[in-house]
Every structure is written in C-alpha cells, then in structure tokens.
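Hi,

Here is the structure I promised to pass on. Have a look at it first, and my notes on what turned up follow underneath.

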Amino acid sequence: MEFTNIISEIRAKKPLVHNITNMVVMNFNANVLLSLGASPVMAHAIEEIPDMVSLASSLVINIGTLDSRWISSMLLAIEEASKKNVPIIFDPVGSGATKFRTEMAKKIIAEGRPSIIRGNASEIMSLVDKSISTKGVDSSHSSSSAKDAALKISKDYSCTVVVSGEKDLVVTGDKISEISNGVPIMTKVTGVGCASTAIIGACAAINKDSHLAAVSGMCITGITGENASYTKTPGTFAVNFIDQLSLIDDEMLLKQAKVKDL
Amino acid sequence: MEFTNIISEIRAKKPLVHNITNMVVMNFNANVLLSLGASPVMAHAIEEIPDMVSLASSLVINIGTLDSRWISSMLLAIEEASKKNVPIIFDPVGSGATKFRTEMAKKIIAEGRPSIIRGNASEIMSLVDKSISTKGVDSSHSSSSAKDAALKISKDYSCTVVVSGEKDLVVTGDKISEISNGVPIMTKVTGVGCASTAIIGACAAINKDSHLAAVSGMCITGITGENASYTKTPGTFAVNFIDQLSLIDDEMLLKQAKVKDL
Amino acid sequence: MEFTNIISEIRAKKPLVHNITNMVVMNFNANVLLSLGASPVMAHAIEEIPDMVSLASSLVINIGTLDSRWISSMLLAIEEASKKNVPIIFDPVGSGATKFRTEMAKKIIAEGRPSIIRGNASEIMSLVDKSISTKGVDSSHSSSSAKDAALKISKDYSCTVVVSGEKDLVVTGDKISEISNGVPIMTKVTGVGCASTAIIGACAAINKDSHLAAVSGMCITGITGENASYTKTPGTFAVNFIDQLSLIDDEMLLKQAKVKDL
C-alpha cells in the first residue's frame, strides 16, 4: 500500500474538517483531529451550513445522537458538499437499532452520495437487510459477515464502504482491502469508531482517492491504538490514544500497517 | 449485604443501558458504563424512543441540561419503559435551582414512576419542600438532612430514593441503608454524581431489586473513587476513575463496601 | 499587576458561573471551573434562564455550536444578566467563519453589552471588518494585528476585549495589557480558548474590575498551561491542565505572571 505521505500532508495543510456529529464524541473527536494535525469544526446550525461547508476540505456526518432538526442540517450539508465537491464521510451510528436510524441512514446515503461510509458490521448490514438488529451502537456481527452488504452498497452508490471490527474491510467496487491493525481495548472507549470516521475525514480532505483515504484512516486508527496499548485500562488508554495520534508519522504508518488485498 | 455477583453479571450480559442524559456528562458516562462492562446508548430523538427503549435493559433519565424538547422525549421514554417493565432510574440534576427544573423533575416522577431516584440532598429535598434552593447543581445540604424527604418520596411513589453525599442514604419504604464509601475528590470532577446514577442503571438492568441495585451502584461508585484516589488532582483522578471501573470485581465490592442498615 | 488574591477568593466563595456554551467543551469547561474552585452550571432552557441567571455570579456565553434556539436563550440570558448586574463574558467562537456566526456575535455584543469579550485575532477582527475570514474556529491572524479592532470594540461598547494568541492583549478603553504566558501545545487541545473565557468568568464573578478579571483569567490560563507542559503530547497535557488548575495559587500567579502595560 502506498500511503503517499498522508500524515505529513495533513500536518502541513491542516485541512478544515467540518463535523456534524453526535454529542457523545464531539470533544473526543475534535481532540483526535487536532492531535493528528487537522483543523476540526463542529457546526450544525442550518443557517451557517452553506458557509461552513464552503470553507471545509471534508464533511463528516455522524448520526450517533440524531434528531429531526439535526437531520435537516445534515441533509443540507451533504447537498452543499456535493455541489462543491467536498468529500462526504458518513458514519451510520446505530443503524439497525431503531427504524428511525436505519431510515435516516439510508436517506443520507441515497441523497448525499457519500464518498465513504464507515460502520460496524451490524450497522452496514442493516443498510441492506431489514432483519439485522444492532444492539444500540454495538455490533452483533463480525466484520467478515458484512462483506456482501459492503459490496452491494459500494456498487449501488459508487462509494467506499468500511466495515470496522477485529479485522476491518475497505470495499470500493470489486476492490477489497483487509486491515488487521488495532487492539481489543479500542472497543472499551466511547467514540473510537466515530474517531476512525473523523480520521478518514482528515485523510479524504487530503487525498481524493476514497479507497486510499479509507485504508489510510483505518490504519492510522489501528496503529495508534496499538501504540497506545501499553496500558490495559480504558481511561488511560483514551488519553494515550490522543497522545499517540500526535506522534504517529508516515514512516510508522508504512512500517506498521497490516493491509491485505482480498 | 449480598451483592449477588452483580459485577460479573453486568460483564457477562453487557446490558444495554439507554440514557437520555445531559450534554456535559454524555461522554464521561458512556465511558463509565463501557468500562464497568455495560453497553451504553445515548438517544433522545422522539421518533426512535419506543424502539430504543424496547432494546434496553434499563432507562436512565437525567435532566442536567434539560429543555422542553428533550423533556418530551423523556416523558415518552418513561411511558414506554413503564409499559415494557424496563426499570427507570432518574437523576433530578439541579432540582431546586430553578422552578422549571423542580417542576419537570416532579412531573417525571409523578408520570414516570421511576424505580430509583438519585440526587444530592438539596435536589431530593426540593422535590417535597418549596423552600429548598439548590446552588446550580451543587448541594447546599448534607445527605442526612434529606432523610425525611427521601422517606416521603419513597413511600408516595413506591420507589427507591438515593441521597448521595459524604454518606449516601438508600431509602426504600422503611428500609434505610447508609453507605460510607467514597472520597471528597469525587466532588471535584464533573459528572461523578451522574455517573453513579448511570452505574445504578447498569445494576438495575441486572437485578430487579431496586434497593439492592441502588446500594450496589453507590458502593461500586464509592469504592471505585477510593481505588482511584491515589492521585490528589481531579484531572488524573477522572482518568483513574474510568480505569478502576474496569478493574473492580465482586470480591472487591464485597470486601470494601461499607453499608449499614439504619 | 495587583491580582488581589483572586484565586483564594474563588475557592472561598465558590461563585456559581452560569455557562451557555458549546457542546464540544461543556465537559472540559465544567471540569476547568470545578478544578479552579468555582461552581459551574450549564443551562440553556429558555424556561429557566431568568431563575438560573439570578443565582449566578457571572454569565459566560459561547457560540461555538450555536443554533437559532440557543441564540434565543443567550439573548434572554444577557437581558436578565444586564438587569441584575451579573457580569457577562462573551466568546464569539468562529465569528468570521460564517455570516451567521458573525451576525449573531455582533447582535449579542450590541444587545448584551458584555463586560468582557474574549476571542482569537480573527474572531475579534471579524467583529469590525467584513473582509476577515476565520478558518473554522482557528485564527488566521496574530493577536497584535487585532489591536485596533480590540480598541474600537472596547470604546464602542465600553467593555474589555481580550485577544488571545501567542501574546494575549487585554484592552479596556485606552488601557492595553500584554500577557506573555502560555505554551504552544495549548492550541492542540480543543477548548483551551473556551476554557480561558470560562476562567475569566470565574474571575469576573469575584472582581468587578473587568480589566483585572480578564488579565487574571488569561494569566491563570497561561500559567496553568506552562505548569502542565512537562508533557509534550496533547492527551496527557489536557489532563495535566485540569490537575494544575487545582494546584495554582495566588503566589504562583503573582510570581509567574508576565504582564506588560503597553
């Protein structure tokens, strides 16, 4: 995998990543993006969406604590981003847990045509299979079982689909990359999944190849988790994770990435 | 006190705890629940409340940053939880500080009939005595002075009432348990009180005895605080608190709990 | 500079600081205020604004994640605070990034007549110059370039204006103080700027001299940053920052403050 010095480029260009995200992870994800070297902004007021999207190098949409008013802002933001060729990265948090989430996730995908969708297996499967049930925001399936769903969504909407899990899948059309980075304690900190979506957002702001941006983002997330895992407890791990994001560089990315093309 | 292996059960069953809580503590409380072993979800959209409550093993309602739209979601959630016998745990943050909070807290209790109510002394007293004034979200009374209020609320609404403070009171009808766990630095971290309510939520998801769930939750919170207090500064303490929640087990709970029946 | 034992007074009086602030920093800023010794409350429901403002010793308004409903609450809060002589501290986060933010910031200043306004250079300049563009919430100018804007705003609205940056400017009428405390890593943690506004809020709750409160708040922030900077990574730094706020005292403030009158 050729990562094209993506981390140095993020630090050099400090791209503005516009997030309309959930209230649980706003602080953590802003710190994740800052620590990596991007410039995060969280803004959801419908009145300022067109202006803010115009300034942004990528748009990250996350429905973790969606409600109808925020959905209106999200829909406007994706419309504006599409017009302005700002890449859209979408995190369908909790799709499959409630009908409302599943429907809103599908609507955002159908109307917004995101460049990249990142979810856990249940979330991705729920987008194509009504029988799938997500346990709140936690997956009830392994990432490999979501491969077919990812392939279908990628083809139907011409986008890259990331299924995160013990092994991550990145699917773009017929191209499938499998990533084996990461450590189990990452599932014990709220918002690490959402953080990986935000990190992909920073990568997509720099590199227009959505498959490469997604693979880069998932590798950066997983490697950072590995580098932070000298502790075994989640409170300290979360702090280490932010620390290690400020220390990761392109050499480490190249050296530690475990990517296999399937 | 017989704690019935409640911590191992939480870790084995990973109960989904549905929180409609305040924006200040969302991240901290999600991490608290994850670290203890439960599966937290934060969801407030009225459109998804019935679905989400159906998935949940307990419902935690916290009015720390209430507004009228969120109150509607809270009222629907408690109605759905009542129908489905999902235990409701209620935290009347700031009741007594403003008329709006006090009234909303009373309304939620009267309509929702929570299994367990947890507040500081001023908050609990304000629910039965109009003359009580809470200083924002901080208590202006000691927990013992709220004993009569707790007894009255417990009898009037057939619920368990927890008054947290230097010593915690857990009141169910005529039964009163006093808990002496905890350390003063816990009051220097935002959301530790709210976290104790969430922890009670995880316990109530596992054990339908509301008195036992409340005592367990308060002991887990206090013991975790003690175990985390090898630092004397609040930033590090908050990180330690999350760490120690992942390390506490039923043996420690049994050994360290300081519960006295009054 | 005579700091009048402001830190001991904050700890002795524990003033209630009412924040209507953004969702990104709510938790961090509440912990900042608690750690310093103040009593924070976050409350935005329009129904409780008059009651909450009545209890407060200062009001901190921050538009970091503004929307139209929150703006209504902010406008009511400043109206109530003006009536009751509660000092208003305003943080125009992202002014200059979008027309909506710039207009709302101007409206709050014109209607609310805050005692103190704190922003980065771009934010302050955007309040008087339409050509200025803020990069999301990050400044695109040095603080010295905002001196004229700060002077104009201070005179037009009879308030203190703080321009934060590598060197901070505090401007009240013709009086200009320059503060050289602080460390670069402070820009790598989300909400340190917002935290400085909240810290000024705690100082203004104790000392009615708005220039002194602003200088004290910026020095406390900068010195705390210096004292926390024995780490070079932002995750640990943020934890240290909260820790060091609990340790700073009036003697350290007096000894470490680098204030120059221009």
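**Where chain B meets chain A**

Between chain B and chain A there are two salt bridges by the rule, a salt bridge being a side-chain nitrogen of Lys or Arg within 4 Å of a carboxyl oxygen of Asp or Glu. B:Arg69 and A:Asp67 form a salt bridge, and their closest N and O atoms are 3.7 Å apart.

Before you go further, some housekeeping: this is a predicted model, where local features need pLDDT of at least 70 and side-chain atom pairs count only at pLDDT 80 or more, while totals for chains, interfaces and linings use all residues. Residues are numbered from 1 along each chain as its sequence is written, chains are lettered from A and ligands numbered from 1 in the order in which they are written, and side-chain values use heavy atoms, with hydrogens and water left out.

Back to that interface. The same two chains also share nine residue pairs in polar contact, both residues being at pLDDT 80 or more. (A polar contact is a pair of N or O atoms within 3.5 Å; within protein, one must be able to donate a hydrogen and the other to accept it, and residues adjacent in sequence count only if both atoms are side-chain atoms.) On the side of chain B that touches chain A, at least two residues each come from helix H2 (26–36), strand E2 (39–42), helix H3 (49–55), helix H4 (68–83) and helix H10 (234–247) of chain B. Helices (H or I, at least four residues) and strands (E, at least two) are DSSP runs, numbered from the N terminus. H2(B) gives the most here, with six residues.

In total, 29 residues of chain B are in contact with 30 residues of chain A, contact meaning heavy atoms within 4.5 Å. The two chains bury about 2400 Å² between them, with 57% from carbon and sulfur atoms; that is the accessible area (1.4 Å probe) that two parts lose on being put together, summed over both.

**Chain A against chain C**

Here 29 residues of chain A and 30 residues of chain C make the contact. The buried area is about 2400 Å², 57% of it on carbon and sulfur atoms. The rule finds two salt bridges across this interface. A:Arg69 and C:Asp67 meet through their side chains in a salt bridge of 3.7 Å, N to O. H2(A) supplies the largest share of the side of chain A that touches chain C, six residues.

**How the copies are arranged**

A turn of 120° and a shift of 0.0 Å along the axis lay chain B on chain A with an RMSD of 0.0 Å (least squares on the C-alpha atoms of residues with pLDDT of at least 70 in both). The two copies are thus related as by a three-fold rotation axis. In chain B, the C-alpha nearest that axis belongs to B:Met23, 3.8 Å away. Only 10% of the interface residues of chain B are also interface residues in chain A, so the copies meet through different surfaces.

**Inside chain C**

Chain C has an open sheet of nine strands with mixed pairing, in the order E2-E1-E3-E4-E5-E6-E7-E8-E9. Its edge strands are E2 (39–42) and E9 (259–261), each pairing on one side only; two strands pair if DSSP finds at least two bridges between them. Strands E1 (residues 16–20) and E3 (residues 58–62) of chain C pair in the parallel sense over four bridges, and C:Ile20 stands opposite C:Ile61 in E3(C).

Cheers
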